[in-house]
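Reader: Could you take me through one part of this model closely? I would like to follow a sheet from its strand order to whatever packs against it, and then see what lies beyond.

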Amino acid sequence: MKLETLIENLQYKELINFKNIDITGISYNSKTTKSGNIFVCLKGEHADGHEYFQKAVEVGARAIMVEKPLDTHLPQVVVESTRHQIADIADKFYGSPSKLLNLIGVTGTNGKTTVTHLVQKIFESKNSQCALIGTLGYKLSSNSEYKEAKHTTPQAPELQSLLSRIGQQGIKNVIMEVSSHALEQNRVGGCVYCGAVLTNLTQDHLDYHITMDNYFEAKSILFRKLKEGSFAIINADDKYAKRFIDVVPEGVKVITYGVKNKADIMAKNVDFALNGAEFDCETKEYGSQHVKLSMNGMFSVYNVLAAISTGLAMGFDLDSCIKPLQITRGVAGRFEVVVKKPLVIVDYAHTPDGLQNILKAAREITQKGSNLVCLFGCGGDRDATKRPKMGAIAEELSDKLVITSDNPRSEEPQQIITDILAGLKSINTEKVHVEVDRGKAIELLKLISTKEDVIVIAGKGHEDYQILKDKTIHFDDREQAKKVFLGIEVDE
């Protein structure tokens, strides 16, 4: 594509050394820049691409997009914000692929991954292929393997390239997780959504957003940009529900779902058993039907309601939305049962709300006289204010507690644990155990539990690695639990 074409709709401040050269791709990492690329100097939290432009030039960059003029003979496109405007040229370069797709965005603190997988199942049950993009990577169908997984929502050039490839394969439907970081940084700029889904909004990422209001503003971008004729699915029981509804533009159909407050799609008579949850799904416009799930916990009920609401908004009938979800067993690392005696559950819960939800769900299936045992830690270099809150929640909702390390990153694991312990009312050594080494902590679970207990290992879920100060090692909670409780060795 010619440079002039690439930037024809771009709001730039000035052009320097302009030549209408051919551009073969968009790069923002000097290590992966290829000959003919335009190199975009991104300013991030830890690095500034303006300092690396010369390396990109050396490997063949033919133009650069900058926030300030640099000393080079190459064409320079000077813009206000490279981080926000990289999305504009990415969308242009790949031919605005989202305009040819039924693209649905799912945002929220918890539940995004599960909801996207459930919606994919609904589409496929009607013989309509649906691609999925999210935390675990992307996959073109529920039966295909995941590929790539750098971010929940990819950077703009990768995202637009992926959407283009999906469209070229004849797939018309895409369900994708949209993170608050991606919205605030405009990674999804240029994307045209036919629908947006809110799971919930609870404390997370405040190391980045600082306040809950900022966090809301980032999430709300997805809904503010909806076009006339699209739809917005909102969790009516979330305390931010009204604020989200208020930002939805005119001409966008709003569908609410919930359990407690009046909503368009409701779960009533909710009941939990060892094999799953069941409830009556009652709707204002689409009829009613009993739902019997193979998934458990109130959070699963909410996730299923979100998926059903999305399916209804896409024009499917209620039965078509419910049937495929009744036989779905959930997502890897989300309330995943890895051992049956004791019942060992691995979950990705890493926020106060997420931990509370998972422990309440586990309590529902803990038999009288048995213990609910919880193991968790908190990630380093992330919002530290949630650590004591999670400690308090774990102390209140579990009978026995093991506090350990998660992904400490550059922080001292013991300091993170100390922050967690600050939220406890008392450190009763019969109830509360501390073991910094996560592997040894899971071994400790066997010593403090019986075969009738329910054990929740929270925080890492599907992750098969642990990020330490100086290295990243292989570590999978599911593998470790099977090794400890079943004696099963899993090849790394």
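Author: Happily! This is a predicted model, and the place to begin is an open sheet of 10 strands with mixed pairing. Reading across the sheet, the order is E8-E7-E9-E6-E10-E11-E12-E13-E14-E15. Strand E8 (137-139) and strand E15 (288-292) are the edge strands; each has a single partner strand, so one side of each is left without a neighbour in the sheet. From one strand to the next, the twist averages 15°.

Let us look at the E15 edge. Its partner is strand E14 (residues 276-283), and the two pair in the antiparallel sense over 5 bridges. Within this pairing, Glu278 stands opposite Lys292 in E15. E14 and E15 also form a hairpin, with 4 residues between them. In the turn of that hairpin, Gly287 has a positive phi of about 90°.

Now for the helix that packs on this sheet, which is H10 (residues 298-313). Its contacts take in strand E6 (102-107), strand E10 (195-198), strand E11 (231-235), strand E12 (253-258), strand E13 (265-273) and E14. The direction of H10 makes about 145° with that of E13.

H10 also has a helical companion. The axes of helix H4 (residues 112-125) and H10 come within 9 Å and cross at roughly 40°, and the two helices are therefore oblique to each other. The crossing of H4 past H10 is right-handed. From H4, the contact draws on Thr114, Val115, Leu118, Val119 and Ile122. H10 brings Asn303, Val304, Ala306, Ala307, Ile308, Thr310 and Gly311. By class, the residues of this contact divide into 8 nonpolar, 4 polar and no charged.

H4 takes part in an aromatic pair as well. The whole structure holds 6 aromatic pairs. In one of them, the ring centres of Phe123 and Phe316 are 5.5 Å apart and the ring planes stand at 85°, so the pair is edge-to-face. Phe123 belongs to helix H4, while Phe316 sits in the loop between H10 and helix H11 (318-326), so the pair ties together parts that are 193 residues apart in sequence.

Another helix pair is worth a look. Helix H3 (residues 82-93) and helix H5 (residues 156-168) have axes that come within 8 Å and cross at roughly 25°; H3 and H5 are therefore roughly parallel to each other. H3 passes H5 in a right-handed crossing. Here Ile86, Ala87, Ala90 and Asp91 in H3 meet Ala156, Pro157 and Gln160 in H5. This contact has 5 nonpolar, 1 polar and 1 charged residues.

Further along the chain is an open sheet of 6 strands, again with mixed pairing, in the order E16-E17-E21-E18-E19-E20. At its edges stand strand E16 (336-339) and strand E20 (432-434), each with a single partner strand, so one side of each is left without a neighbour in the sheet. Neighbouring strands here are turned by 20° against each other on average, direction ignored. Inside this order, strand E18 (residues 372-376) and strand E19 (residues 400-403) run parallel, joined by 4 bridges, and Leu375 stands opposite Val402 in E19. This sheet, too, has a helix packed on it: H12 (residues 352-364) touches strand E17 (343-347), E18 and strand E21 (454-458). The direction of H12 makes about 155° with that of E18.

Key
Residues numbered from 1 in each chain as written. Predicted model: local features only at pLDDT ≥ 70, side-chain atom pairs only at ≥ 80, totals over all residues. Heavy atoms only, no water. Pairing = 2+ DSSP bridges. Axes fitted to C-alpha atoms, helices over the stretch in contact; angles between N-to-C directions. Contact = heavy atoms within 4.5 Å. Parallel < 35°, antiparallel > 145°, perpendicular 65-115°, else oblique. Left-handed = near helix turned anticlockwise from the far one by under 90°. Nonpolar A, V, L, I, M, F, W, Y, C, P; charged D, E, K, R; others polar. Phe/Tyr/Trp six-rings, centres within 6.5 Å; stacked < 30°, edge-to-face > 60°.
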